[in-house]
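Hi there,

Here is the structure I promised to pass on, and below it you will find my notes. Have a look at it first, then read on.

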Amino acid sequence: KQWYQRRVRGEAEESRMIGDENLLFLFSPDYGEINIMVAEKKFLRSGVASEALTLMMNYASEKLPVVKFSAKITNTNLASMRFFEKNNFVRISESEVFQETTYEMDTRNKTKTSQ
């Protein structure tokens with residue numbers, strides 16, 4: 001959560017949370033589903049989400065056995081889809097039932113996973 005505090009301090013010398021980030025382990029300890037949410041609109045498109053993603057993935061890759069990350073995004077959330085594509089995640093599936101798209105990245109080869 002340090003990235004939130006660092007970005008906010010210069011503004012009003014206060015420390016508060018501007019979003020949320022989670023890493024879930026649903027299938028195995030080496031596969032993490034990552035969620036990022038920036039709650040304060042003035043911090044959207046400011047780079048904090050990219051910084052949070054990088055920090056979380058680096059931590060999980062270095063301190064935990066995570067080698068593959070996924071993100072599930074509601075099909076109408078085009079900004080989030082672009083965000084994960086910009087950050088080298090690849091669309092691997094789309095669920096009509098749940099109205100969501102799944103993206104993945106495999107860090108073992110530092111490249112996008114194949115579809």
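Let me begin with N88, which sits in the loop between α3 and β4. Helices here are DSSP runs of H or I of at least four residues, strands are E runs of at least two, and both are numbered from the N terminus. N88 comes just after α3, and its phi is near 70°, a positive value in a residue other than glycine. N88 counts as partly exposed because its relative accessible area is 41%; buried means under 20%, exposed over 50%, and partly exposed in between, using a 1.4 Å probe and protein chains only.

Before going further, please keep in mind that this is a predicted model: local features need pLDDT of at least 70 and side-chain atom pairs count only at pLDDT 80 or more, while totals for chains, interfaces and linings use all residues. Residues are numbered from 1 along each chain as its sequence is written, and side-chain values use heavy atoms, with hydrogens and water left out.

Q99 also has a positive phi, about 55°, although it is not a glycine. Q99 lies in the loop between β4 and β5 and is partly exposed, with a relative accessible area of 43%.

Now for the overall layout. The chain has three helices and six strands, and from the N terminus they run α-β-β-α-β-α-β-β-β. Of its 115 residues, 37% count as buried. Taking contacts (heavy atoms within 4.5 Å) between residues at least 6 apart in sequence, 50% join residues at least 24 apart.

The helix pair α2 and α3 is worth a look on your screen. The axes of α2 (residues 48-63) and α3 (residues 78-86) come within 11 Å and cross at roughly 50°. These axes are lines fitted to C-alpha atoms, for helices over the stretch in contact, with angles running from 0 to 180 degrees between N-to-C directions. The crossing angle therefore makes α2 oblique to α3; under 35 degrees would be roughly parallel, over 145 roughly antiparallel, 65 to 115 roughly perpendicular, and the rest is oblique. The crossing of α2 past α3 is right-handed, meaning that the near helix is turned clockwise from the far one by less than a right angle.

Which residues in α2 and α3 meet? From α2 they are A49, S50 and L53, and from α3 they are F83, F84 and K86.

Turning to the buried side of α3, the residues there are M81, F83 and F84. They lie on the same side of α3 because they cover an arc of only 160° around the axis, the arc being that of the directions from the helix axis to the C-beta atoms. The cover over these buried residues includes β2 (31-38), α2, β3 (68-74), β4 (90-95) and β5 (100-106).

Two more residues to click on. N35 lies in strand β2 and counts as partly exposed at 26% relative accessibility. Leaving aside neighbours within four places in sequence, N35 is in contact with D20, E21, N22 and L24. The C-alpha atoms of N35 and I73 are 9.0 Å apart, with the two positions 38 residues apart along the chain count.

T107 is found in the loop between β5 and β6 (111-112). Is T107 buried or exposed? T107 is buried, with a relative accessible area of 12%. Beyond its neighbours within four places in sequence, T107 is in contact with M57, S61, V66, V67 and F69.

Best wishes
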